[in-house]
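Open the structure in your viewer and keep the selection box at hand. The stops below say what to pick and what is there.

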Amino acid sequence: MDFELNDDQRAFQQTAREFAQSAMAPHAAQWDAEAFFPIDTLRQAGELGFMGLYTSEAAGGLGLSRLDATLVFEELAAACPSTAAYITIHNMVTWMVGSFARPEVAERFAQPLARGEWLGSYCLTEPGAGSDAASLRTTARLDGEHYVLNGGKAFISGAGATDVLVVMARTGGPGAAGISAFVLDAKSEGIRYGRKEDKMGWNSQPTRQIAFDDVRVPALQRLGEEGEGFKIAMKGLDGGRINIATCSVGAGQGALNAAQRYLHERKQFGKPLAEFQALQFKLADMATELVAARQMVRLAASKLDAAHADATTYCAMAKRLATDLGFRVCNEALQLHGGYGYIREYPLERLLRDARVHQILEGTNEIMRVIIARRMLQDNATDTLR
């Protein structure tokens, strides 16, 4: 058991840190205030390989492990959780296409996605199918050599500004077994985008509803076989849960760094805040919880890399723990700043707002508890997860 990073991992981490500090941190507050989607910065991230981190080299990606990818995502999220979170979603789209599309389709779509030349959106959630994703109602009817899509999706990150959609739609009967997955051009005839949602956070990426009205998709652009879409979606979400957990760790680390600096700079009652023991204890708890969350995320990533039988459960644990603790650290850091934490001159309120949604998406933390508890209560669960 070795908790130390190797030289390659430290190099990935340092490259990501330098990019985050030079290309993201100076602009993050403006992107948030103006609800600006920084496409040029995303293209720059693509030039560094950050848009296809764990997509295979054959499909145009770097072919890194999920553990390696967490090192990059955490550094990006410490500067701008909203933009980093979009990059993780894009990585999930790229990986799905690169892993499950036919070779000629993967070459057409995955390679420009991995380079950041095209941007992707993941379309699973519907207005009536959130936590119960298997009840989705968007349909894909086979008509000759095409499928015809009808229905709608909700809360889609990047929608209206991206080039590629991965869509889950019903090709068969009710339930998970009737769902298939497709990759398609985001500007296909019959696709309509709703208004950009006004959100509490995640303002550097647009969120819209999508309507599909007799959208024709070549049958060759189905991912996997008919009926495998939900399984593909859940495989994607295992990684997505690690990704969003990592973004919470990154947001928490950014907040903790700001709090450390502030405790040295701010004076009250004639001495720096750093000399007050109560605040020292608070800082110690924040650091301890953040390390625990980070190690849980890395454990889950290593389980996913190893295709461990309980990888899904570990991913759920990591997502639940890291998103709760990451938000708590952001909130405590804001409190340490007093009134200054509440104003936009400081990054705390933005980090807090961006981190809050992590407890909801990629499966709510309540659903994470359901996944964990079901595994624990199985008949063969004795001594599991140890």
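**Stop 1: two positive phi values**

Select Trp202, which is buried, with a relative accessible area of 6%. This is a predicted model. Trp202 sits in the loop that links β6 (191-193) and β7 (207-218). Check its backbone: phi is positive, about 55°, although Trp202 is not a glycine.

Now select Asp214. This residue belongs to strand β7. Asp214 also carries a positive phi of about 55° and is not a glycine. Is Asp214 buried or partly exposed? Asp214 is partly exposed, because its relative accessible area is 47% and the partly exposed class runs between 20% and 50%.

**Stop 2: a helix pair**

Select residues 229-265, helix α7, and residues 311-336, helix α9. Their axes lie 8 Å apart and make an angle of about 20°. How are α7 and α9 oriented to each other? Angles under 35 degrees count as roughly parallel, so α7 and α9 are roughly parallel to each other. The crossing of α7 past α9 is left-handed. Colour the contact by residue class: 17 residues are nonpolar, five are polar and three are charged.

**Stop 3: aromatic rings**

Show the rings next. The structure holds nine aromatic pairs. One of them joins Phe109 and Trp118. A ring pair is described by the distance of the centres and the angle of the planes. For Phe109 and Trp118, the centres are 5.9 Å apart and the planes differ by 65°. Planes over 60 degrees apart count as edge-to-face, and the pair of Phe109 and Trp118 is edge-to-face.

Turn on the surface for these two residues. Phe109 is buried, at a relative accessible area of 1%. Trp118 counts as partly exposed, because its relative accessibility is 30%.

Then select Tyr262, Tyr340 and Tyr346 together. These three tyrosines form one aromatic cluster.

**Stop 4: charges over rings**

Which ring has Lys271 over its face? Select Phe276: Lys271 lies over the face of this ring, at 4.7 Å from the ring centre.

Finish with Arg356 and Phe327. Arg356 lies over the face of Phe327, at 5.9 Å from the ring centre. The cut-off for a charge over a ring is within 6 Å of the ring centre.

Conventions:
Residues are numbered from 1 along each chain as its sequence is written. This is a predicted model: local features need pLDDT of at least 70, side-chain atom pairs count only at pLDDT 80 or more; totals for chains, interfaces and linings use all residues. Side-chain values use heavy atoms; hydrogens and water are left out. Axes are lines fitted to C-alpha atoms, for helices over the stretch in contact, and angles run from 0 to 180 degrees between N-to-C directions. Helices (H or I, at least four residues) and strands (E, at least two) are DSSP runs, numbered from the N terminus. Angles under 35 degrees count as roughly parallel, over 145 as roughly antiparallel, 65 to 115 as roughly perpendicular and the rest as oblique. A crossing is left-handed if the near helix is turned anticlockwise from the far one by less than a right angle, and right-handed if clockwise. Ala, Val, Leu, Ile, Met, Phe, Trp, Tyr, Cys and Pro count as nonpolar, Asp, Glu, Lys and Arg as charged, and the others, Gly among them, as polar. Rings of Phe, Tyr and Trp (its six-membered ring) pair if their centres lie within 6.5 Å; planes under 30 degrees apart count as stacked, over 60 as edge-to-face and the rest as tilted. Buried means under 20% relative accessible area, exposed over 50%, partly exposed in between (1.4 Å probe, protein chains only). A charge sits over a ring if NZ of Lys or CZ of Arg is within 6 Å of the ring centre and within 35 degrees of the ring normal.
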